[in-house]
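Q: I've got this one open on my screen and I'd like a close look at the interior, please. Take me through what is tucked inside, what touches what, and how that part relates to the outside.

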Amino acid sequence: PRGLLRAARLVTLAACFGWAAYVLASWVLLWNPAVAGAYYDAAVRMTSGENLYAPMHPDAHEVYRYAPWFAVAWIPLTLLPRDLALHLWSLAMLACSVVAVWPLFRRGTPAALGLGALLGAFLAETSMFGNALPAIVAALVAAVGTRWLPVVVGITASVKLVPILFVLPW
């Protein structure tokens, strides 16, 4: 039974890391920070005095659905060429993905490694679209156990709604 348990762990870890490798390899070839384009375009609209929430198909990646402060935060990036800004943002989100999963990899247990690989693959995929989710997860991970967690929850919940669930334990 002990050898079988070890084999099961190895197969599970191989599957998790294999999936992460597949996601990274496939999305690197299709890198398209379209969601970051929504952030960039919203900042441009804001500086031009146009409507921040431009009418578009609600399911499109290019729809800006975030708080106005987030568009203001993007204004300095509009000084860069659009494609450069989008790809720099996307690379920053990849770095945030590493920050978000690093505590899992530091634990070193098979369960933590497998979860880290799966979460890392998911965050890396969203990074390649330029989605802000990796920054939100990294900020929450960094804030857990600190007095800043309520502030970080408030800020992140103004960008994505799900972090508001952190108020339930309070």
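A: Let's fix one word before we go in: a residue is called buried when its relative accessible area is under 20%, exposed when the value is over 50%, and partly exposed in between. Keep in mind, too, that you're looking at a predicted model.

Try the word out on Thr126. Its relative accessible area is 12%, so Thr126 falls under the 20% cut-off and is buried. You'll find Thr126 in helix α5, which covers residues 110–128. Leaving out residues up to four places away in sequence, Thr126 touches Asn131, Leu133 and Pro134.

Now zoom out for a second. The protein chain has 7 helices and 0 strands, and reading along the sequence gives you α-α-α-α-α-α-α. The C-alpha atoms fill a box of roughly 70 × 45 × 25 Å along the principal axes. Of the 170 residues, 36% count as buried. As for contacts between residues at least 6 apart in sequence, 63% of them join residues at least 24 apart.

So much for the overview; on to the main core. The largest nonpolar core has 30 residues, and the ones that touch the most other members are Tyr39, Tyr64, Tyr66, Phe70, Trp74 and Trp89. Two or more residues come from each of α2, α3 (68–74), α4, α6 and α7. Helix α4 gives the most to this core, with 7 residues.

Tyr66 is a handy one to click on. Not counting residues up to four places away in sequence, Tyr66 touches Val35, Tyr39, Tyr53, Val159 and Lys160. Apart from the largest core lies another one, of 5 residues, among them Cys16, Val23, Ala117 and Ala121.

Phe105 in helix α4 touches one of those residues, Ala117, along with Phe17, Leu113 and Gly116, again skipping residues up to four places away in sequence. Phe105 counts as partly exposed because its relative accessibility is 26%. Want a feel for distance? From Phe105 to Ile155 you go 50 residues along the sequence and 26 Å through space, C-alpha to C-alpha.

His87 is also in helix α4, and at 34% relative accessibility His87 counts as partly exposed. Its contacts are Trp31 and Pro33, if you ignore residues up to four places away in sequence. Compare the separation here: His87 and Phe129 are 42 residues apart along the chain, and their C-alpha atoms are separated by 9.3 Å.

While you're on α4, check its charged pairing. Side chains of opposite charge can pair when their charged atoms come close. The structure holds 1 salt bridge, and the side chains involved are those of Arg82 and Asp41, 2.9 Å from N to O. This pair ties together distant parts of the chain, with Arg82 in α4 (residues 82–107) and Asp41 in α2 (residues 34–48), 41 residues apart. Arg82 counts as partly exposed, since its relative accessibility is 34%. Asp41 has 23%, so Asp41 counts as partly exposed as well.

Next, follow the chain to helix α7, which runs over residues 149–157 and has Leu149, Val152, Val153, Thr156 and Ala157 buried. Look down the axis of α7 and those buried residues fall within an arc of 125 degrees, so they line one face of the helix. The spacing fits a general rule: an α-helix has 3.6 residues a turn, so residues three or four places apart point the same way. What do the buried residues of α7 pack against? Their partner is α6, residues 133–143.

Finally, step outside. Leu161, Val162, Ile164, Leu165, Val167 and Leu168 make up a nonpolar patch on the surface, with about 620 Å² of accessible area together. One of them, Val167, sits in the segment after α7. Val167 counts as partly exposed because its relative accessibility is 37%. For the chain as a whole, about 10,000 Å² is exposed, and carbon and sulfur atoms supply 73% of that.

How values were computed: Residues numbered from 1 in each chain as written. Predicted model: local features only at pLDDT ≥ 70, side-chain atom pairs only at ≥ 80, totals over all residues. Heavy atoms only, no water. Buried < 20%, exposed > 50% of the residue type's maximum accessible area, 1.4 Å probe, protein only. Helix = DSSP H or I, 4+ residues; strand = E, 2+ residues; numbered from the N terminus. Arc of directions from axis to C-beta. Contact = heavy atoms within 4.5 Å. Patch = residues over 30% accessible without salt bridge, like charges linked within 9 Å, V, L, I, M, F, W, Y side chains within 5 Å. Areas by Shrake-Rupley, 256 points an atom, 1.4 Å probe, with all protein chains shown as cover. Salt bridge = Lys/Arg side-chain N within 4 Å of Asp/Glu carboxyl O. Core = buried A, V, L, I, M, F, W, Y, C linked by side-chain atoms within 4.5 Å.
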